[in-house]
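Okay, thanks for coming, everyone. I'll put the structure up and then talk you through a few pieces of how it is packed.

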Amino acid sequence: MIINSPDALEGIRQEALKALSVREDNYTGTPRLQILCCGGTGCKASESAKIVENFHASLQAHGIADKVDVIVPGCFGFCEKGPIVKIIPDNTFYTSVRPDDVEEIVTSHIIGGQKVERLLYQDPATGEHISDSKHMNFYRKQLRVALRNCGFINPEDIREYIARDGYKALAQSLQRDSLEVLADIKASGLRGRGGAGFPTGVKWEIARKFDAPDKYVVCNADEGDPGAFMDRSIMEGDPGSVIEAMMICGYCINAHHGLIYIRAEYPLAVHRLKVAIGQARELGLLGKNILGTGFDFDIEIRYGAGAFVCGEETALIHSMEGKRGEPTLKPPFPAEAGYFGNPTNVNNVETLANVPVILTKGPQWFASIGTEKSKGTKVFALAGKINNVGLIEVPMGTTLREIIYDIGGGVKGGKKFKAVQTGGPSGGCLTEKHLDIPIDYESLAAAGSMMGSGGMIVMDEDDCMVSVAKFFLEFTVDESCGKCTPCRIGNRRMLEILDKITQGRGTMEDIDTLENLAKVIKDTALCGLGQTSPNPVLSTLANFRDEYEEHVRDHVCRAHKCKALLTYSIDPDLCKGCSACARGCPAEAIAGEVRKPFVINPEKCIRCGMCLSRCKFGAIKVI
């Protein structure tokens, strides 16, 4: 079937909505049982595919397979508690489900109507079992706009996307003047979610000004920040929104070619994009004369090899052209001379995911969310020493405190919060004094960090901030393309100084040199990778300079992370002389007699911590 008009699209929507509406909160019809089993990469790694297989087998064995649907949506977001299974229409939210739990869910809940309480989420503060996700703190303060369909629709069924107003924004846009559509994107205040925060409508407007036989719309899906999985989850859970937004952008800037640049390490996202593109072509929603309007647009997928620098748009374009992924000096910007010299507009996945809903609900609706200069919501990958690891989406202006303590459930193990890294390796480490700042582009930049693409890593009292800066700089050094001297040489010099400090060989002059070098690199590097690479160093120096000085002056790492600065000893009053530590020491650095206190030879000790893990009496001391 070819959908050749907006009316035909609306007919498909109404038909598809009947099957999907049972998942809506306001559903009032005759319920049909549905089992939604998370199909995101994280849950798949924890055997969610086996869970789905077991549900099909169990339902078949009980003779009710024709009465219950098993759906595989994208990521629900609550990754800490995956795999997740949701029962519709009562919205029961089961967490940490294993394949062996399936039979009990089917017999007790699906057949018997009795919820399996042990699989329900248990509130850590009250101990109460909560069956509905709407009542969980993790979800209460979230507002899912870019993630509106993730965990809700089957991403491999285009009709479910259409039922959720999919391609409605496209149909409406193609009946309007493209300048009017572009004006709505500008009026919404949408800014790029890839890190820089450039106004999306302005970017489209610039690309529109340049005329050429071939113009391109590029989706930057090369997500490479450590701990980041925002774009991946959108592509896995709602690929249609990205495809539709690219088409709308093409209409606004007079382009007919779309390219999705995605790293090959995202096989599930690639698969679902291919399925969504193929289904859209089959229905006539991609290709020639879309919806009978005369507009032509098609999309191809291009693969990246996982280079972090290819998140920069000129490096990305060079990679797609078959060249080395290196940035070039701007201007000219890609809007004027991009893919093979043609005008090219580049937006990241999350930016595009916002476009269809802005146009269906109106730019004023979107602009009413967030702060004066940062409109809408932002998706974050919340990770690190946090109780509720997962994918979240909050209105701009939400504070770090709300995210870490209300949504994230606080720091793991009751440890003390120390810092949060926002913006990945390009961002900075913020401290307790920053917890009440609103999250928006300007506030984070003023605090010495940045929004970035949305990585957010929480650290506790056991983290060494010098080592943290070293970790992110190691990543940047490895990922540098090497084109410009400040990034290629300067970052390596900074890493050498950090390594020297963590080895206990640093001087006070090294700290000053590190700071000066970081500022020079920030001002002189060619692209965003080099210009932001000093941020972890500068922010940790600003907020944790005392730790740097302790490493240098006292040869002490208070977090006990820098092995070269640790000293292991045995408390003779606590040692029982069991010899477990000596028997497990790979360096033979521990000596003594059974039933008498043992002693560690500091010259032989390699600080591996094996003795600490073997001692049952707490006799091993580390300073």
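Quick bit of vocabulary before anything else: two strands count as paired if DSSP finds at least two bridges between them. And keep in mind that what you're looking at is a predicted model.

So, let's start with strand 7, residues 216-221. Who are its neighbours? On one hand there's strand 11, residues 344-348, which runs parallel to strand 7 and is joined to it by five bridges. On the other hand there's strand 8, residues 257-263, also paired with strand 7 in the parallel sense, over six bridges. If you want one residue to click on, take valine 218. Its bridge partner in strand 11 is valine 346, and in strand 8 it stands opposite leucine 259.

Is strand 7 buried or exposed? Six of its six residues are buried, so to speak a clean sweep. Look at one side and you find Tyr216, Val218 and Asn220; flip to the other and you get Val217, Cys219 and Ala221, and both faces are covered.

Next, a helix pair. Helix 9, residues 200-209, packs against helix 11, residues 239-253, with the axes 8 Å apart and an angle of about 50 degrees. That angle makes helix 9 oblique to helix 11. From helix 9, the contact uses Trp204, Ala207 and Arg208. Helix 11 brings Ala245, Ile248, Cys249, Cys252 and Ile253. By class that's seven nonpolar residues, one charged and no polar ones.

Okay, over to another sheet. Here five strands make an open sheet, in the order 13-12-16-14-15, with mixed pairing. Strand 13 (390-395) and strand 15 (428-430) each have a single partner, so they sit at the edges with one side lacking a neighbour in the sheet. On average, neighbouring strands in this sheet are turned by 30 degrees against each other, ignoring direction.

Now zoom in on strand 16, residues 455-460. What does it pair with? With strand 14, residues 417-422, it pairs antiparallel over five bridges, and there alanine 419 stands opposite methionine 459. With strand 12 it runs parallel, joined by four bridges, and alanine 381 is across from glycine 455.

How enclosed is strand 16? Six of its six residues are buried, so the rest of the structure largely encloses it. Gly455, Ile457 and Met459 point one way, while Met456, Val458 and Asp460 point the other, and yes, that buried set includes the aspartate.

What lies on this sheet? Helix 10, residues 230-237, lies across strand 12 (377-384), strand 13 and strand 16, and runs at about 115 degrees to strand 12. Then there's helix 22, residues 535-554, which packs on the sheet and touches strand 14 and strand 15, making about 35 degrees with the direction of strand 15.

Helix 22 also has a helix partner. Its axis and that of helix 19, residues 485-502, come within 10 Å and cross at roughly 35 degrees. Helix 19 offers Met494, Leu498, Ile501 and Thr502, and they meet Val537, Tyr548, His551 and Val552 of helix 22. Count that contact by class and you get six nonpolar, two polar and no charged residues.

So if you take home one picture, make it strand 16: paired with strand 14 in the antiparallel sense, parallel to strand 12, and buried at six of six residues. Okay, that's me done, over to you.

How values were computed. Residues numbered from 1 in each chain as written. Predicted model: local features only at pLDDT ≥ 70, side-chain atom pairs only at ≥ 80, totals over all residues. Heavy atoms only, no water. Helix = DSSP H or I, 4+ residues; strand = E, 2+ residues; numbered from the N terminus. Axes fitted to C-alpha atoms, helices over the stretch in contact; angles between N-to-C directions. Contact = heavy atoms within 4.5 Å. Nonpolar A, V, L, I, M, F, W, Y, C, P; charged D, E, K, R; others polar. Parallel < 35°, antiparallel > 145°, perpendicular 65-115°, else oblique. Buried < 20%, exposed > 50% of the residue type's maximum accessible area, 1.4 Å probe, protein only.
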